[in-house]
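Reader: Hey, got a minute to walk me through this model? I'd like to start with the metal site and then look at the packing.

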Amino acid sequence: MEECIFCRIAKGGIPSSKVLEDENFLAFLDINPINKGHLLVIPKKHYGCFLDFPQDQLGPFFAFSQKAAKALIVTTKCDGFNLAMNNGRAAAQLVPHAHLHIMPRFTGDGFAFDWPTKKYEEGEMDRLAKRISSYVKK
Ligand code: 5GP
Ligand code: ZN
C-alpha cells in the first residue's frame, strides 16, 4: 500500500524541519504556517485520526506534544497558542494521518477561530448530553 505523506516524513523519505523526535512521535514545522513556528506533531505509526490511537499511546503523545509546545513558546515568545486536530474531511483534515497542530499566537495576529454558533431549543441540551453519555464506553 502506498504510504501517506506523513508516513514518508516520519521515515525521512520526505525532508522536514524537525524540532523533536523520539521512537514513536515526531514534531516538525508545518510548511504553510498560520504563524511562523506552527508545528505538527505526528505518531510515527499511521493512525488515521484521533480515534485510531491505541489508548496507551494517547498520554505519551500529549506529553510529547507539551514538550514541543513549551520549546515553541520559549523560542517564538508567542502570547498564546492553539492546539487543533482536524478529524475527517468535514473537519478540514486534508492529510489522512493523525496530527496535532500547535499554532503560536500573537496578540492582534489577525487569525481567528471565528465560528458561528447555534442555539439549542428548550431541554435539547440535556437530552443530547444524556444521549451522548449513554454511548460512552465504560
Ligand atoms: P490538516 O488540514 O490535514 O489538518 O493539515 C495538514 C497540514 O499539513 C497543513 O497545515 C499543511 O500545511 C501541512 N502539510 C502538508 N504537506 C506537508 C509537507 O509535505 N510538509 C510539511 N512540513 N507540512 C505539510
Ligand atoms: Zn501515514
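Author: Here is a short tour of the metal site, the ring pairs and the nonpolar cores.

Author: This is a predicted model, where local features need pLDDT of at least 70, side-chain atom pairs count only at pLDDT 80 or more, and totals for chains, interfaces and linings use all residues. Residues are numbered from 1 along each chain as its sequence is written, chains are lettered from A and ligands numbered from 1 in the order in which they are written, and side-chain values use heavy atoms, with hydrogens and water left out.

Reader: Cool. What coordinates the zinc ion (ligand 2)?

Author: Cys4 (SG), Cys7 (SG), His46 (ND1) and His97 (ND1), at 2.0 to 2.3 Å. Donors are N, O and S atoms within 2.8 Å of the metal (3.2 Å for Na, K and Ca).

Reader: And what's the geometry of the zinc site?

Author: Tetrahedral, with angles of 99 to 122 degrees among the 4 donor atoms; the cut-off is that all angles lie between 85 and 135 degrees. Along the chain the donors follow the spacing C-x2-C-x38-H-x50-H.

Reader: Is cysteine 4 buried or exposed?

Author: Cysteine 4 is buried, at 13% relative accessible area, while histidine 46 is partly exposed, at 38%. Buried means under 20%, exposed over 50%, and partly exposed in between (1.4 Å probe, protein chains only).

Reader: Switching topic: how many aromatic pairs are there?

Author: The structure holds 8. One of them is phenylalanine 6 with phenylalanine 28, edge-to-face at 5.6 Å centre to centre and 80 degrees between the planes. Rings of Phe, Tyr and Trp (its six-membered ring) pair if their centres lie within 6.5 Å; planes under 30 degrees apart count as stacked, over 60 as edge-to-face and the rest as tilted.

Reader: Do any rings group up? Which ones sit in a cluster?

Author: Ring pairs link Phe25, Tyr47, Phe53, Phe61, Phe62 and Phe64.

Reader: OK, now the packing. How many residues does the largest nonpolar core have?

Author: It has 16, and Val41, Phe53, Phe61, Leu100 and Ile102 have the most contacts inside it. Helix 2 gives the most to this core, with 6 residues. A nonpolar core is a set of buried Ala, Val, Leu, Ile, Met, Phe, Trp, Tyr and Cys residues joined through side-chain atoms within 4.5 Å; helices (H or I, at least four residues) are DSSP runs, numbered from the N terminus.

Reader: Anything apart from that core?

Author: Yes, another core of 10 residues lies apart from it, including Cys4, Phe6, Ile9 and Val95.

Methods: Four donors count as tetrahedral if all angles lie between 85 and 135 degrees; four count as square planar and six as octahedral if opposite donors are over 155 degrees apart and all others between 65 and 115; anything else is irregular. Helices (H or I, at least four residues) and strands (E, at least two) are DSSP runs, numbered from the N terminus.
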